[in-house]
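Biologist: Before I rely on the descriptive words used for a model like this, I would like to hear the reasoning behind each of them. Could you take me through it step by step?

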There are 2 protein chains.
Amino acid sequence: MSSSDSNENRNQAVELLQQLGLKEYEAKCFVALSRVPEATAKEISESSEVPRTRVYDAVRILEAQGLVEVQHGNPQLFRAVPVEEAISTLRDQYESRFDTLKDAIEDLDRPAESDSDSVHEVWSLSGTTAIANRTQQLVENTSDELFLLVGHESLVTDDLMGSLSEATDRGVSVIVGTEDQSVRDAIRERVPRAEVFVSKLDWLNTSSDPDDADEVRIGRVLLGDNSTILVSSIDPTTSKERAVYGRGFSNGLVVIVRRLMATGLIRSDDPAKRGGDE
Amino acid sequence: MSSSDSNENRNQAVELLQQLGLKEYEAKCFVALSRVPEATAKEISESSEVPRTRVYDAVRILEAQGLVEVQHGNPQLFRAVPVEEAISTLRDQYESRFDTLKDAIEDLDRPAESDSDSVHEVWSLSGTTAIANRTQQLVENTSDELFLLVGHESLVTDDLMGSLSEATDRGVSVIVGTEDQSVRDAIRERVPRAEVFVSKLDWLNTSSDPDDADEVRIGRVLLGDNSTILVSSIDPTTSKERAVYGRGFSNGLVVIVRRLMATGLIRSDDPAKRGGDE
DNA sequence: GCTTGTGTGATTAACTGGGTTACAAGGATA
DNA sequence: TATCCTTGTAACCCAGTTAATCACACAAGC
């Protein structure tokens, strides 16, 4: 069929619109309208699988949200607002929500950050964006020495390199290891004062349990000021990223990684796979 | 009670989070967690009105979204991600949705904008943000002459003045009328090359039908290049803004407004209140 | 009159999400 | 060891929402 690849986009658009708060019918109607200059309820129904009698409700809501225009008459004509306008209308809505939400949460009784060294606390969090944000945060809070190991190129975002660069600017000694040649080059260019080296990471993946050994791949390892650690892995089936995170000089996880580094295990290229221990 | 004003914020935060796609339980749990450094399921339940047995589900989802961290153990400890991180995680999600949505819609079969003068077509749309966006759009597309009448100060946003300023920069003669002194001053400063005058707008409200005469108040009137018109009104009960919009030199609505302006009805300050004044 | 197409409203079915209960596992205490 | 309490998982029910269908009023054209 002619619109075969367009079909892909249609479904994607419908789904995204639903995630943005529209109902199924509303989303379908809007997408249908976005494909033609204008249409009647009947036409919308035919090209959108939405029952005709329900097109009116859906479109009315869309109109109230500022996503379609109506020409009253018989029959009524409907028209989708241009993409840029639609997006920017939606974006405005959400931006204002973000702003007031931030204020509202900040005005709550404060967490008062239990700051002490948090001896053996290890926290876990998931989701690449969340982990990326936390990484960012940690880099920004490093004052002295930063060690970073990245297992996959896609995790080295522009923002991250920006923060790394800022870190070196304020005198932090930044050391980055990765397997990927292009990433190393990119970092050398964006963060010239960082020390970059090659790392294979295999030793991490095949260390403890041979069964699910190559099931998960390492995402990132970050050690800041010898006292804050973040290690993330990526589940290859779901490609979901999960991370553990600990802080405090005497934190168990921190101690282990510091030890590993001190013995040169991490930085050396082929670290003799120090066998069944862990 | 001590947290009386904090209560306000709590509810607001919960509502906003729900609007951002979280379920009630999830929102409440997150807010509860945001008020303390960390908490167990039991504690969350007590301070959030969420049944304890359901805290786990909610928190698990929050964790998957990167909004809370978990410390595994017995009992499990939960902790909300810092505000900045949370907001920025959410914002990232939505931004990426907006982007892909835009692409998806743009890749659909195009509207092909029925461009001709569209003789008597009049379209209506609603919602202040949508109308503001459309206004913006129209100002940007004006090449020659722009006439703008605003009935309420809040409608003159910073963005709008920016576009007006750009318009004058590219040689468009901009004429703005409003009743509000401060708005006139603001515009004179931000858009020095615009012509600003006083307008009462009463004549519009009380013109045709004496019954619902003072029911609605005029929002804005915009005439671009003598061929594009937008008129909006604000329902005082719902304070919802609705607009009609027409284009084409010979469009009925356009012709009327042009005529009105030619006879000086709009620009004169005290226009002899044609009809049953009030 | 009849027919066709448009718009409104009511009605039913399916689903989602809130609220509750049951219960297994693991410590702590006696 | 037996018992009690807490924690965590899972299943369930109920209600409100939303998808889907149906009935009908109205207007225009034949």
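Biologist: Why are α2(A) and α3(A) called roughly perpendicular to each other?

Modeller: In this predicted model, the axes of α2(A) and α3(A) cross at roughly 105° and come within 9 Å. Angles of 65 to 115 degrees count as roughly perpendicular, and α2(A) and α3(A) are therefore given that description.

Biologist: What makes the contact between these two helices, and which classes of residue take part?

Modeller: On the side of α2(A), the residues are Lys28(A), Cys29(A), Ala32(A) and Leu33(A), and they meet Ile44(A), Ser47(A) and Ser48(A) of α3(A). By class, the contact of α2(A) with α3(A) has four nonpolar, two polar and one charged residues.

Biologist: How do you know which word fits α2(B) and α4(B), given the angle at which they pack?

Modeller: Helix α2 of chain B, residues 24–34, packs against helix α4 of chain B, residues 52–64, at an angle of about 80°, with the axes 9 Å apart. The range for roughly perpendicular is 65 to 115 degrees, and α2(B) and α4(B) are therefore roughly perpendicular to each other. From α2(B), the contact is made by Tyr25(B), Glu26(B), Cys29(B), Phe30(B) and Leu33(B), while α4(B) brings Arg54(B), Val55(B), Ala58(B), Val59(B), Ile61(B) and Leu62(B). Sorted by class, the contact of α2(B) with α4(B) has nine nonpolar, no polar and two charged residues.

Biologist: Why are the two copies said to be related as by a two-fold rotation axis?

Modeller: In general, two copies of a chain are related by a rotation about an axis and a shift along it. Here chain A is superposed on chain B by a rotation of 180° with 0.0 Å of shift along its axis, at an RMSD of 0.4 Å. The two copies are thus related as by a two-fold rotation axis. The same surface serves both copies, in that 99% of the contact residues of chain A recur in chain B.

Biologist: What makes up the surroundings of DNA strand D, and which residues are closest?

Modeller: DNA strand D is surrounded by 16 residues, of which the closest are Lys23(A), Tyr25(A), Tyr56(B), Arg60(B) and Gln76(B). The residues of this surface divide into four nonpolar, five polar and seven charged, and the largest share, five residues, comes from α4(B). Of the atoms of DNA strand D within 4 Å of the protein, 61% belong to sugar or phosphate, and the rest belong to bases.

Biologist: How do you know that Lys23(A), Thr53(A) and Arg60(B) have polar contacts with DNA strand D?

Modeller: The cut-off for a polar contact is a pair of N or O atoms within 3.5 Å. A polar side-chain atom of Lys23(A) lies 2.6 Å from a phosphate oxygen of DNA strand D, and for Arg60(B) the distance from a polar side-chain atom to a phosphate oxygen of that strand is 2.8 Å. Thr53(A) has a polar side-chain atom 3.1 Å from a base nitrogen of DNA strand D.

Biologist: What surrounds DNA strand C, and which element gives the most to that surface?

Modeller: There are 15 residues around DNA strand C, the closest being Tyr56(A), Gln76(A), Lys23(B), Glu24(B) and Arg54(B). Sugar and phosphate account for 53% of the atoms of DNA strand C that come within 4 Å of the protein. α4(A) gives the most to the surface near DNA strand C, with four residues, and by class that surface has four nonpolar, five polar and six charged residues.

Biologist: Which atoms of Lys23(B), Glu24(B) and Arg60(A) approach DNA strand C?

Modeller: Lys23(B) has a polar side-chain atom 2.3 Å from a phosphate oxygen of DNA strand C, and an N or O atom in the side chain of Arg60(A) is 2.9 Å from a phosphate oxygen of the strand. For Glu24(B), a polar backbone atom is 2.8 Å from a phosphate oxygen of DNA strand C.

Biologist: What makes Glu49(A) worth a remark about phi, and where is Glu49(A) found?

Modeller: Most residues other than glycine have a negative phi, and most peptide bonds are trans. Phi of Glu49(A) is near 70°, a positive value in a residue other than glycine, and Glu49(A) is found in the loop between α3 and α4 of chain A.

Biologist: Which kind of peptide bond joins Asn74(A) and Pro75(A), and what is its omega?

Modeller: The bond between Asn74(A) and Pro75(A) is cis, with omega about -5°, and Pro75(A) lies in the loop between β1 and β2 of chain A. In chain B, the peptide bond from Asn74(B) to Pro75(B) is cis with omega near -5°, and Pro75(B) is found in the loop between β1 and β2 of chain B.

Key. Residues numbered from 1 in each chain as written. Chains lettered and ligands numbered in written order. Heavy atoms only, no water. Axes fitted to C-alpha atoms, helices over the stretch in contact; angles between N-to-C directions. Parallel < 35°, antiparallel > 145°, perpendicular 65-115°, else oblique. Contact = heavy atoms within 4.5 Å. Nonpolar A, V, L, I, M, F, W, Y, C, P; charged D, E, K, R; others polar. Near = heavy atom within 4 Å. Polar contact = N/O pair within 3.5 Å; in protein donor to acceptor, adjacent residues only side chain to side chain. Least-squares fit on C-alpha atoms with pLDDT ≥ 70 in both.
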